[in-house]
Amino acid sequence: MKHSDYDDEFGINETIRATKDRSDRFNLGYEPKAYFPPSRRDTPMIIDTDAGGDPDDAIALIAAAAEPTLALVLTCDELGGERARFVRRLLDLLGRPDVPVVTGSDLGNTRLNCIDGLTPPHVPHQPDDIRAAVAKVLDSTTGPVRWVGIGPASNLAALLTERPDLAERLAVFQVGGALRYRDPERADHNFRTDIPAATALLGLVRLPYLQLSETTFTPEVEIAKDSPLHRLLADPTGPEWARFVAAHMDQWYAKFHHATMQHDALALSSAMELPFAGYYRAQIAIDERARTTVVPDGIHVRLTGVTHHEPFMRWLTEQIETAIAAGTGPAAQA
Ligand SMILES: [Ca+2]
């Protein structure tokens, strides 16, 4: 595997530079090659989602469905399999019946249900063998596989606890962690919903990309009730998938909040190597409440830094508009 300074956890580039300096001093002619990480843009992508609560997951899935690399969708914080049925229906309507959906961890929570009665009864419950589904994706390539965690980390923690060696194959982008959470007494939603899983993730994943809560806790990434984007999705003359998502958003607006912030599509965009969120290397600790802090000898991670919300939202809007123009979604054009 090649390395850049960005990936230089073990100081390899530093060593090369020191060797080059000594070589130059003693005229030994050592010429190091440059080290850069390979692009992951064409590698398979797995999405692990708690879709059906906050609609930002469903919005992210609209954009993800246009990606030929989308290989698998897992659900977490399940509602007895209803999140998986909802995702199955959404991907089918978006023209991606080829993408398997697997029912993942069920923590017994029922509060975040904004899909009540939406998925038709004929959509079957989805299989629940995560290990087999992930193995199939890993077996399809010898290179890395992208893992986009946009819910609690239960599935990934269970997988890597059993098979820690798989961490070498996964490039993990996880929405989770916070350095300045709005309530100092608790952690962000995804990490506090499954604290042991968040702790295991940090212990087992090699250099995860953590999208901190404060990165997207801003009105700049909101889709509000009756905003142009909400109205576009709810248009009665639009495609069925769009009205399906709009009905889901309506339950969120009625039960929780007048707007939804687009946390999850930003993590997707980072996995797609789009330049909206910048990451920097840091060392963090996680406490018994899953709150994260920067500490000198902590776990090596990447954290979101400067983020360009306005172009991100323009990109996301364009993804949705393109999908609507295509009817069943951009994938139908292929
Ligand atoms: Ca989510």
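Colleague: Which strands does α2 lie across, and at about what angle does it run to β1?

Modeller: Keep in mind that this is a predicted model. In it, α2 lies across β1 (45-49), β2 (70-75) and β4 (145-150). As for its direction relative to β1, the angle is about 165°.

Colleague: Is α2 mostly covered or mostly open, and how many of its residues are buried?

Modeller: Here a residue counts as buried if 20 or more other C-beta atoms lie within 10 Å of its own. The buried residues of α2 include D56, D57, I59 and L61, and I62 is on that list too. So by that cut-off, α2 is mostly covered, and the buried count is ten of its ten residues.

Colleague: Which helix gives the most to the largest nonpolar core?

Modeller: That core has 86 residues. Among those with the most contacts inside it are I46, I62 and L201. One helix gives eight residues to this core, the most of any, and it's α2 (residues 56-65).

Colleague: Leaving aside neighbours within four places in sequence, which residues is L201 in contact with?

Modeller: L201 is one of the residues with the most contacts inside the largest nonpolar core. Once you set aside its neighbours within four places in sequence, L201 touches A153, L156, A157, Q174 and P208.

Colleague: Q174 just came up. What is its bridge partner in β6?

Modeller: Start with the strands: β5 (residues 170-175) and β6 (residues 209-211) pair in the parallel sense. They do so over three bridges. In β6, the partner of Q174 is L210.

Colleague: And over in β11, what is the bridge partner of Y209?

Modeller: β6 also pairs with β11 (residues 299-307), again in the parallel sense, over two bridges. The β11 residue bridged to Y209 is R302.

Colleague: Which residue in β11 does A277 stand opposite?

Modeller: Now look at β9 (residues 277-286), which pairs with β11 in the antiparallel sense. There are seven bridges between β9 and β11. Opposite A277, you'll find T307.

Colleague: Which are the edge strands of the open sheet?

Modeller: Nine strands form the sheet, in the order β3-β2-β1-β4-β5-β6-β11-β9-β10, and the pairing is mixed. An edge strand here pairs on one side only, and the two that do this are β3 (101-102) and β10 (292-294).

Colleague: How many Å separate the centres of domain 1 and domain 2?

Modeller: The domain assignment gives domain 1 as 1-37 and domain 2 as 45-333. Taking the centres over C-alpha atoms, the separation is 37 Å.

Definitions and conventions. Residues are numbered from 1 along each chain as its sequence is written. This is a predicted model: local features need pLDDT of at least 70, side-chain atom pairs count only at pLDDT 80 or more; totals for chains, interfaces and linings use all residues. A nonpolar core is a set of buried Ala, Val, Leu, Ile, Met, Phe, Trp, Tyr and Cys residues joined through C-beta atoms within 7 Å. A residue is buried if 20 or more other C-beta atoms lie within 10 Å of its own, exposed if 12 or fewer, and partly exposed in between; C-beta atoms are placed from the backbone. Helices (H or I, at least four residues) and strands (E, at least two) are DSSP runs, numbered from the N terminus. Two residues are in contact if their C-beta atoms, placed from the backbone, lie within 7 Å. Domain bounds come from an automatic or database domain assignment. Two strands pair if DSSP finds at least two bridges between them. Axes are lines fitted to C-alpha atoms, for helices over the stretch in contact, and angles run from 0 to 180 degrees between N-to-C directions.
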